[in-house]
Each structure stands twice: as C-alpha cells, then as structure tokens.
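Here is a quick tour of a molecular structure, written for someone new to reading them. Have a look at the display, then read on.

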Amino acid sequence: MLAVFQNLFAPPRHMLLLVIAAWLGLTLAEKRAERHGLSRDELNNITFYGLLAFIIGGRLSFVLQNIPIFIKSPAGILSINPDIFDPIGAAAAAIIIAAMYGQRRGLSLWPTLDALTLFFAILMVGIGLSHLAAGTAFGKETDLPWGINLWNAIRHPTQIYETLASLLIFGLLWFQKQSPRPGIFFLSYTALTAGAQLFIQAFREGSSLIFNSLNQNQVIAWAALALCFLAIELLLRQTKKAG
Amino acid sequence: MTLSQRIILYVLILTAGASWIFISSDPAGTSASGKTSAPQAGFTAPDFTLKTPEGEEYTLSELKGNAVLVNLWATWCPPCRAEMPAIQKMYDEYKDQGFVVLGVNMTYQDDPFAIGPFVSEYGLTFPILLDETSEVGAAYQVRSLPSSYFINRLGIITEVVIGGPMSEALLRTRIEEALK
C-alpha cells in the first residue's frame, strides 16, 4: 500500500498533495470563517495573496541568495523547475504580504489567525503526506514492528507520525467549541503542533544539532510551545481585565 | 481552570518537553551521511559500474575526489531532451574544476538504436552509460525521468532533482555546492 502511494505521488507529483491540502484546508476554513468574525471573501483574499507571495517570494529569495549565478544565467529566474525555491524566504514573504493585506483591510490579528487555523491544520496533513510520498523527512533506523523500509533500511515512519498527529490536531480543533477569546484557537493549534513536533523530531534522522547534542528542531518546538503558553496567558488576562 | 492550576500545567508540560529533548538527544544518530548508500541527499551514492556504447567502463566510486552529476534519462523523455544542452554547457564550463557528468541511459526501457543519434544531435561529450539490466534504475529507485543526483567529492549525495528540465542556473547552484 505504501509502495502504491509512493508510486502514485512520486516526486514531482508529491506537490499535488500540497495543492489538494491547500484547497481542502481553505474550503474547510471558509465554512468556519464567519464564526471567527472574518468574511469568506476576506479569508479567500488573504489566503490568495499569501500563497502568491509564498510562490514569488520563494523564487526571489533563492535568486537573491545566488545572485552571481543568476547574473550568468538570468533566464533561470523564470525556469519552471520548482527546485529554484527557498521555503524560508517563501514563508517570510507570505507572512509579510498577508500582514500588509490585513492591515490595509483593517483586519484584527487574532480573529484572522483563528479563521486561518483550519487551513494551516490541513496543510500540515498535506505536508506529512508529501514527505511520505517523496521519502523526505525520514526517520532513524529502528527494529520496531511498524518500521517502514525506506532508503535501504527499516526506519521510524516519521512521515506517518506527523500525518497522524496533524489529523488528530485537526480533529481536536474541528470539534472544539467556540474559543472564549480571539487568538486562543490559533494558539491552541500552534501549541499542539509544537508539542507534536517536539515529540516526533526525536525520531527524525539528519536534524541539525545545537550545543553539540541537542536536536535543533526540538529546541525550536519547545521554545514555540513556551511562547504559546505565554501568549495564551496574556490573552486570558486581557479578557479578564476587559470583563 | 485557575491561574495557578494553569501555571502548574505549563511548567509540567515544559519540563516534560525539556526532559524529552535531553533523553532523546543522540549525536551519533542524527546524520545519514556516509552510513548507508541510498539515492537520497545525505547518503553515500549507490555505486555502479556501467559501459558506454563504445565499451568503456565507468565505476562511480572510482570518481571520488570529483563532483559528479548522475543524470538518468531516456530518448523518449521530453524534459530529458530539454535539459541536455544545459548539462553539456555546464560540463564544458566546470569539468576543469573536477566536475564529471555520467549520463545514464535507461536502456532497458529505451530504444538502443535511438541513443547514438540522440548523442550526436545534442553534441554530448560527457560519458553516456547504458543501463541495460536496470541495475542503476533499481539502485536509484527511479520513478520519474529525468532524475539527477549531485554527488560531492566524498561520494555523498548533496542534492536530488527529480523531474526537469533543469535550467542552467539550477545546475550551477547544485554543481557549485557539490564542488565545495
């Protein structure tokens, strides 16, 4: 079954999974947008501009980091190959453009993030599945019975762990009651995702280390989790004061 | 839940998280580099020995010390055709710095009589190897063509590009990384 899935969505077709996840996530987020005080049109617009900035920003960031090369081969800027892409630059561009759009349209930060949360949650499921299809973000070797044969070894199915964790988080969010304060919904999602990553990253191979032995991704996830708790507490205090 | 209950919960979760980071820290097991051979970035490139149509033999592991591009292609594959001029151009430009291209034709799923005219049409001067028994196709777990593997001077795969065509700019970024 895994082999059939990996053949069906072998790279570069694995990116279809991200497109499907983005579409599904947006559709589901639309259904709940008004619950968070955001119209469907605003949600669609902010997502559209964010995705557009993600695509263009990812390409531009890659080009800027390799300027001498693109001076020699300028046509490469418009190449259709998706490998000319910097995901960190893409995410930064998407956040900046979405923030600018939100500010221009007078959208409040927390309700907007709450409305986008289901989109992020489904996108994470798509990312897990695309990792599984491409065989990237793979796990350490294991002799556990649920290990999968990948890259000539039996490994922790970290891609399946992250997909299942994302699905579980989505389920929790979908059935969660209206949050008491704008922002709690988004922060709960971020805390749950950070917690899941903190756990799963321990089984990933090839992570960068800091302080000679600590997994950098786990440390980042821990810091994100701590920040979420702090932000939740600050929001709850504001609510109490306002009340 | 009261404030003090919440704070206790946060502290417990963060302490458990920090403990997990320390318990699961494993400096020896975080890098795939050089441990196993597999067609994925960070692994040693799977070794192979193949012949050119003229019968000259090439073994990948004997090219250690050079940066190598293993490009898997077929004559019937349009993106393979489209990227060949860029590969040839980059080969001409970087070969003096220790860059080698091995153009591995998937002969077991190609027309062997089409290979010669293809090489002539594009004026390819780098070694064209024939994978007649799917030895390389299987070792590199090929599911799409073209598939390109950039291998550094130590024999470790630095980048995998599945699909194409690769532009000159993309080739340059990957080659310069492999040459480091």
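## A walk through the model

Let's start with a single residue: Pro74(A) counts as exposed because it has 12 C-beta neighbours inside 10 Å. Keep in mind that what you're looking at is a predicted model. You'll find Pro74(A) in the loop between helix 4 (67–72) and helix 5 of chain A. Want a sense of scale? From Pro74(A) to Gly147(A) you step 73 residues along the sequence, and their C-alpha atoms are 45 Å apart in space.

**Two helices in chain A**

Follow that loop onward to helix 5 of chain A, which covers residues 87–104. Helix 5 packs against helix 3 (residues 40–65) of chain A at an angle of about 145°, and the two axes are 7 Å apart. This crossing of helix 3 and helix 5 of chain A is right-handed. On the helix 3 side, the residues that meet helix 5 include Tyr49(A), Gly50(A), Ala53(A) and Phe54(A). From helix 5, the contact includes Ala90(A), Ala94(A), Ile97(A) and Tyr101(A). Sorted by class, the residues of this contact come out as 15 nonpolar, seven polar and no charged.

**What fills the inside**

The largest nonpolar core has 47 residues. Which of them touch the most other members? They are Ala29(A), Ala121(A), Ile122(A), Ile169(A), Tyr189(A), Ala191(A) and Leu225(A). Helix 3 and helix 5 turn up again here, among the elements of chain A that give two or more residues to this core. Helix 6 (109–134) is another one of those elements, and helix 6 of chain A provides the largest share, 13 residues. Now zoom in on Ile122(A): leaving aside residues up to four places away in sequence, Ile122(A) touches Ala21(A), Leu24(A), Gly25(A), Leu28(A) and Phe170(A). There is also a second, separate core of 46 residues, and its members include Ala45(B), Ala74(B), Ile162(B) and Leu170(B).

**A strand with two partners in chain B**

Over in chain B, take a look at strand 6 (residues 147–151), which pairs with strand 3 and with strand 7. Here are the two pairings side by side.

| Strands of chain B | Direction | Bridges |
|---|---|---|
| Strand 3 (residues 67–73) and strand 6 | antiparallel | five bridges |
| Strand 6 (residues 147–151) and strand 7 | antiparallel | five bridges |

Ser147(B) shows this nicely: Leu72(B) stands opposite Ser147(B), and in strand 7 the bridge partner of Ser147(B) is Ile162(B). Further along, Ile151(B) has Ile157(B) of strand 7 as its bridge partner. Strands 6 and 7 of chain B make a hairpin with five residues between them, and in the turn Gly155(B) has a positive phi of about 90°.

Is strand 6 buried or exposed? It's mostly covered, with five of its five residues buried. Ser147(B), Tyr149(B) and Ile151(B) point one way from the strand, while Ser148(B) and Phe150(B) point the other way.

**Where the chains meet**

Finally, the two chains touch: 33 residues of chain B are in contact with 37 residues of chain A. On the chain B side, helix 1 (3–23), strand 7 (157–162) and helix 5 (168–179) each supply at least two residues. Helix 1 of chain B gives the largest share, six residues. By class, this side of chain B has 15 nonpolar, 15 polar and three charged residues.

Terms used. Residues are numbered from 1 along each chain as its sequence is written. Chains are lettered from A and ligands numbered from 1 in the order in which they are written. This is a predicted model: local features need pLDDT of at least 70, side-chain atom pairs count only at pLDDT 80 or more; totals for chains, interfaces and linings use all residues. Two residues are in contact if their C-beta atoms, placed from the backbone, lie within 7 Å. Helices (H or I, at least four residues) and strands (E, at least two) are DSSP runs, numbered from the N terminus. Ala, Val, Leu, Ile, Met, Phe, Trp, Tyr, Cys and Pro count as nonpolar, Asp, Glu, Lys and Arg as charged, and the others, Gly among them, as polar. Two strands pair if DSSP finds at least two bridges between them. Axes are lines fitted to C-alpha atoms, for helices over the stretch in contact, and angles run from 0 to 180 degrees between N-to-C directions. A crossing is left-handed if the near helix is turned anticlockwise from the far one by less than a right angle, and right-handed if clockwise. A nonpolar core is a set of buried Ala, Val, Leu, Ile, Met, Phe, Trp, Tyr and Cys residues joined through C-beta atoms within 7 Å. A residue is buried if 20 or more other C-beta atoms lie within 10 Å of its own, exposed if 12 or fewer, and partly exposed in between; C-beta atoms are placed from the backbone.
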